[in-house]
Amino acid sequence: MKSTPTAAEHRPLLSAIRLAPTTQLLPGLFLTAAIATTAIVIRNLTGWMALSPLIVSILIGMLIRNALPLSATAEPGIAFSLRRILRFGIVLLGLQVTLAQILSLGGAGLAMVALTLVATFLAIRIVGRAMGVEQELTDLIAAGTSVCGASAVIAANTVVRGKQEHVAYAVACVTLFGSLSMLIYPLLAGPLGLDARGYGLWTGATIHEVAQVVAAAFQGGDVAGQFGTISKLARVVMLAPLIMTLAFAMRSGVEGPAKASAPMPWFVLGFIGMMLVNSAVAIPTGASQTLVTLTNFLLSMALAAMGLHTDIRKLKAEGWRPLALGAFGWLFIAAFGYAMLKLFAF
């Protein structure tokens, strides 16, 4: 029977959060905040807005973790960033989308996005099992590929409870293949016979990260950019039911005391609540932009914390199979999404 070391790995982190006074959180919080700030500055200085600060944060965290000795005094704050700040950032993510935006896709557009997401997630899970990739890592790659990149990976991990090396590997996969899509997709619009609307829907429904979608979609013009952004936001909204479904599936698969400790991501309800608030109340543009910046900063702190817990030697030990699985998912979502475009006559 498969052991579950990941649960044991999480207990010290959770204990650190519960027991640490506020003053003991400060060193780790300062470290993760400094990494997040550095990542955002790097993105702004390069001028490449498709360079996600979340991805830069986990890379910086991994470099520090594997090159320098990490003081034990930083652990409580790192654990806090990895748990509480992560959840708060995901809740705020709901303020970046409204029901009106989602409904503007129409029934066919929403069906195309939803079917592509579900088919991709299931296909990656089936192929991952056949390839012998660990279930936790498979689920994280599936979530990141089918929904919204690094944000989906870290959100899914609150339920999946994979090792930090699993998170890092999954983030690397969605970064690599999403970046390839960002570069290749604009070259395919013409040969595939896609108009602006169809191209935008295809990019939004199949490219991994939000920033990557924006970069690729707007190369097809403003109409393509708008449809790409909105269809991508529809996928972000679908993160909530996906995480809840994973949580219920995990709880139904265990019995006794283990079932009581199985995670239930109630923070997802906060995500939905924020989306409803954003739909009902017109948030001023300046405040909205501030909230977007804050959300990215908090999620970057969480990714920095994950990087600080990631051992590159263990990451290498995962081998080539997860990378091949990520490549399969990348090709599958692109092909299936295009087939759905044709099916719904876009």
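A cavity, in these exercises, is a set of grid points where a 1.4 Å probe fits among the protein atoms but cannot get out. The model under study is predicted, and every exercise below should be read with that in mind.

**Exercise 1. State how many cavities of 30 Å³ or more the chain holds, and describe the lining of the largest cavity.**

Solution. Begin with the count, which comes to 1 cavity of 30 Å³ or more. The space in the largest cavity is about 30 Å³. Next, collect the residues around this space: I90, A155, L239, A240, I243, F267, V268 and F271 form the lining of the largest cavity. Then ask which helices contribute at least two residues each to that lining, and the result is α13, spanning 239–252, together with α15, spanning 267–280. Finally, sort the lining by class, which gives 8 nonpolar residues, with no polar and no charged residues in the lining of the largest cavity.

**Exercise 2. Place L246 in the fold and decide whether L246 is buried or exposed.**

Solution. The first step is to locate the residue, and L246 belongs to helix α13, a helix that also supplies at least two residues of the lining of the largest cavity. The second step uses the cut-off for burial, which is under 20% relative accessible area; because the relative accessibility of L246 is 7%, L246 counts as buried. The third step is to list the partners of L246 beyond four places in sequence, namely F121, D139, A156, V159 and V160. One of these partners, V160, is 86 residues away along the chain, and yet its C-alpha atom is separated from that of L246 by 7.7 Å.

**Exercise 3. Describe the surroundings of I55 and set them beside those of T38.**

Solution. I55 sits in helix α3, which covers residues 53–67, while T38 sits in helix α2, which covers residues 22–46. I55 has a relative accessible area of 11% and is therefore buried, whereas T38, with a relative accessible area of 37%, is partly exposed. Once neighbours within four places in sequence are set aside, the residues in contact with I55 are V171, T175 and E209. A further distance can be read from the C-alpha atoms of I55 and S151, which are 96 residues apart along the chain and separated by 9.9 Å. For T38, the corresponding reading is to I60, which is 22 residues away in sequence and 8.8 Å away in space, C-alpha to C-alpha.

**Exercise 4. Find where R161 and G319 lie, and say what stands out in the backbone of R161.**

Solution. R161 is placed in the loop between α8 (150–160) and α9 (164–188), and G319 is placed in the loop between α17 (312–317) and α18 (321–343). The backbone feature to note is that R161 has a positive phi of about 60 degrees although R161 is not a glycine. As to accessibility, R161 is partly exposed at 23% relative accessible area, and G319 likewise counts as partly exposed, at 33% relative accessibility. To end the solution, consider G319 and V133, whose C-alpha atoms are separated by 9.5 Å with their positions 186 residues apart along the chain.

**Exercise 5. Determine how many disulfides are counted, and report the burial of C148 and C173.**

Solution. A disulfide is a covalent bond between the sulfur atoms of two cysteines. The count in this chain comes to 0 disulfides. C148 has a relative accessible area of 2% and is therefore buried, and C173, also with a relative accessible area of 2%, is buried as well.

**Exercise 6. Summarise the whole chain by its helices and strands, its burial, its contacts and its exposed area.**

Solution. Start with secondary structure, where the chain has 18 helices and 0 strands. Turn next to burial, for which 51% of the 346 residues of the chain count as buried. Then take the contacts between residues at least 6 apart in sequence, of which 82% join residues at least 24 apart. Last comes the surface, where the chain exposes about 14900 Å², with carbon and sulfur atoms supplying 70% of that area.

Methods: Residues numbered from 1 in each chain as written. Predicted model: local features only at pLDDT ≥ 70, side-chain atom pairs only at ≥ 80, totals over all residues. Heavy atoms only, no water. Helix = DSSP H or I, 4+ residues; strand = E, 2+ residues; numbered from the N terminus. Buried < 20%, exposed > 50% of the residue type's maximum accessible area, 1.4 Å probe, protein only. Contact = heavy atoms within 4.5 Å. Areas by Shrake-Rupley, 256 points an atom, 1.4 Å probe, with all protein chains shown as cover. 1 Å grid on protein atoms, 1.4 Å probe; cavity = no way out; pocket = protein on both sides within 12 Å on 5 of 7 lines; lining within 4 Å. Points joined across faces, edges and corners; volume = space filled by probe spheres on them. Nonpolar A, V, L, I, M, F, W, Y, C, P; charged D, E, K, R; others polar. Disulfide = S-S within 2.5 Å.
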